[in-house]
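Subject: Structure for you to look at, with notes

Dear colleague,

I am passing on a structure that I have been going through, and I would be glad if you could look at it alongside my notes. The sequence and the model come directly below, and what I found in them follows.

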Amino acid sequence: MLLTSIQFPNLHITLNNLPKSINVFGLDIAFYGLIIAFGMIMGIMIACHEAKVTGQDPNDYLDFAIYAIILSVIGARIYYVIFSWEDYRGNLKEIINIRNGGLAIYGGVITAILTCFVYSRIKKMSFSKMCDTGILGLLLGQIIGRWGNFFNREAFGQVISDSHLFAMRIYFDKYYDRFQVPNAVAKGMEKMTGKTLEQLGYIQVQPTFLYESAWNLTLLCVMLVMKKHKKFDGEVILWYLMGYGLGRFIIEGYRSDQLIMPVTGWPVSQALSAAVFVCATIIWIVKRVKCSKKENDDVVAES
């Protein structure tokens, strides 16, 4: 039985009857929420470890995490709702319902950075150093959190042919309606196969959640290696902004469920990713040049 299953035919992987939730004492708990929560816990752990290694107080980051997590979830939801307003304007109660997804990571990242800025001012800590420490936890949370999209059957890419190595088939039955299937995907499947989704019982798309999770894992490994060689506080988060901005810009082009900017018709996350990458790169280059100049001046002064 392939109903409600996910299959990677060219990788010979089939996950049969994969549910979106588990039932505990009569209460349905979504895997999406469990995975997001696990990602947050792991993120806090790596941030606290980094704080200890760099001579900071891990308790400061535990306290910060309480505010950052709550506010970031709210920020991620607000960001998503703003750019999906047509889906909520007729049913405002759904705005607070996040059980079926609907959290935009950029909204969470922006809120987390703003929260860090306020927190660092109140606690009289270095904002740049806090960013360098906390961003490792945020990135790990993103790596893990993308798998919540997998269980939720969302954040997938465009229709793809049978020959593609990473082709992902998402099956559904009468208990799993098609409300999350974008029209472009439905039309693409019909064009490719000559059948309707009801006749097929599945969609075949690019696993963009997997692309982003793998990209972020690579980025985290690079950052962990390179952080020992950073020249200034704030450099690690600039690496993140450059790396994530570039990766998200590319991957977003494959997405089929993009949030679209009003008037321009541009994908919000793709436009923002490009801006983040360019700005972070310019700032990084300028600060690196200043650091190199200072090092040369110090060498001249000593000689």
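Which residues are linked in a network of salt bridges? Please keep in mind throughout that this is a predicted model. The network is made up of Arg-146, Glu-212, Arg-248, Glu-252 and Arg-255, and in the structure as a whole there are 10 salt bridges.

Salt bridges between separate parts of the chain

As general background, side chains of opposite charge can pair when their charged atoms come close. One pair to look at is Asp-60 with Lys-123, which form a salt bridge whose closest N and O atoms are 3.7 Å apart. This pair links distant parts of the chain, since Asp-60 belongs to helix H2 and Lys-123 to helix H3 (residues 105-123), with their positions 63 residues apart in the numbering. Asp-60 is buried, at a relative accessible area of 16%, whereas Lys-123 counts as partly exposed at 39%.

Another salt bridge joins Asp-132 to Lys-230, and here the closest N and O atoms are 2.8 Å apart. Because Asp-132 sits in helix H4 while Lys-230 sits in the loop between H7 and H8, the pair ties together parts of the chain that are 98 residues apart in sequence. With a relative accessibility of 4%, Asp-132 counts as buried, while Lys-230, at 27%, counts as partly exposed. Lys-230 also takes part in a salt bridge with the side chain of Asp-233, at 3.2 Å from N to O, and Asp-233 is itself partly exposed, with a relative accessible area of 36%.

Helix H7 and what covers it

Helix H7 runs over residues 208-226, which makes 19 residues, and from its first C-alpha to its last it reaches 27 Å, close to the 27 Å expected at 1.5 Å a residue. The buried residues in H7 are Thr-208, Phe-209, Tyr-211, Glu-212, Ser-213, Asn-216, Leu-219, Leu-220 and Met-223, and you will recognise Glu-212 as one of the residues in the salt-bridge network. Among the elements that cover the buried residues of H7 are helix H4 (127-152), strand S5 (168-171) and helix H8 (235-252).

The S3 and S4 hairpin

Strand S3 (residues 21-24) pairs with strand S4 (residues 27-30) in the antiparallel sense, over four bridges, and within this pairing Ile-22 stands opposite Ile-29 in S4. The two strands form a hairpin with two residues between them. Phe-25, in the turn, has a positive phi of about 55° although it is not a glycine, and I mention this because most residues other than glycine have a negative phi. Phe-25 is also exposed, with a relative accessible area of 85%.

A further positive phi in a residue other than glycine is found at Asn-17, where the value is near 45°. Asn-17 lies in the loop between strand S2 (13-15) and S3, and it is partly exposed, with a relative accessible area of 40%.

A nonpolar patch on the surface

Ile-66, Tyr-67, Ile-70, Leu-71, Ile-74, Ile-78 and Ile-82 form a nonpolar patch on the surface, and together they have about 690 Å² of accessible area. One of these residues, Ile-70, has its place in helix H2 (residues 58-82), the helix that also holds Asp-60.

Two single residues

Val-159 lies in the loop between H4 and S5 and is partly exposed, with a relative accessible area of 24%. Leaving aside residues up to four places away in sequence, Val-159 touches Val-185, Gly-188, Met-189, Met-192, Gln-204 and Val-205. The C-alpha atom of Val-159 is separated by 9.3 Å from that of Tyr-254, although the two residues are 95 residues apart along the chain.

Lys-287 has its place in helix H9 (residues 268-302) and is partly exposed, at a relative accessible area of 34%. With residues up to four places away in sequence again left out, Lys-287 touches Phe-232 and Leu-238. Its C-alpha atom and that of Thr-264, 23 residues apart along the chain, are separated by 33 Å.

With best wishes

Methods:
Residues numbered from 1 in each chain as written. Predicted model: local features only at pLDDT ≥ 70, side-chain atom pairs only at ≥ 80, totals over all residues. Heavy atoms only, no water. Expected span 1.5 Å × (residues − 1). Buried < 20%, exposed > 50% of the residue type's maximum accessible area, 1.4 Å probe, protein only. Contact = heavy atoms within 4.5 Å. Patch = residues over 30% accessible without salt bridge, like charges linked within 9 Å, V, L, I, M, F, W, Y side chains within 5 Å. Areas by Shrake-Rupley, 256 points an atom, 1.4 Å probe, with all protein chains shown as cover. Salt bridge = Lys/Arg side-chain N within 4 Å of Asp/Glu carboxyl O. Pairing = 2+ DSSP bridges.
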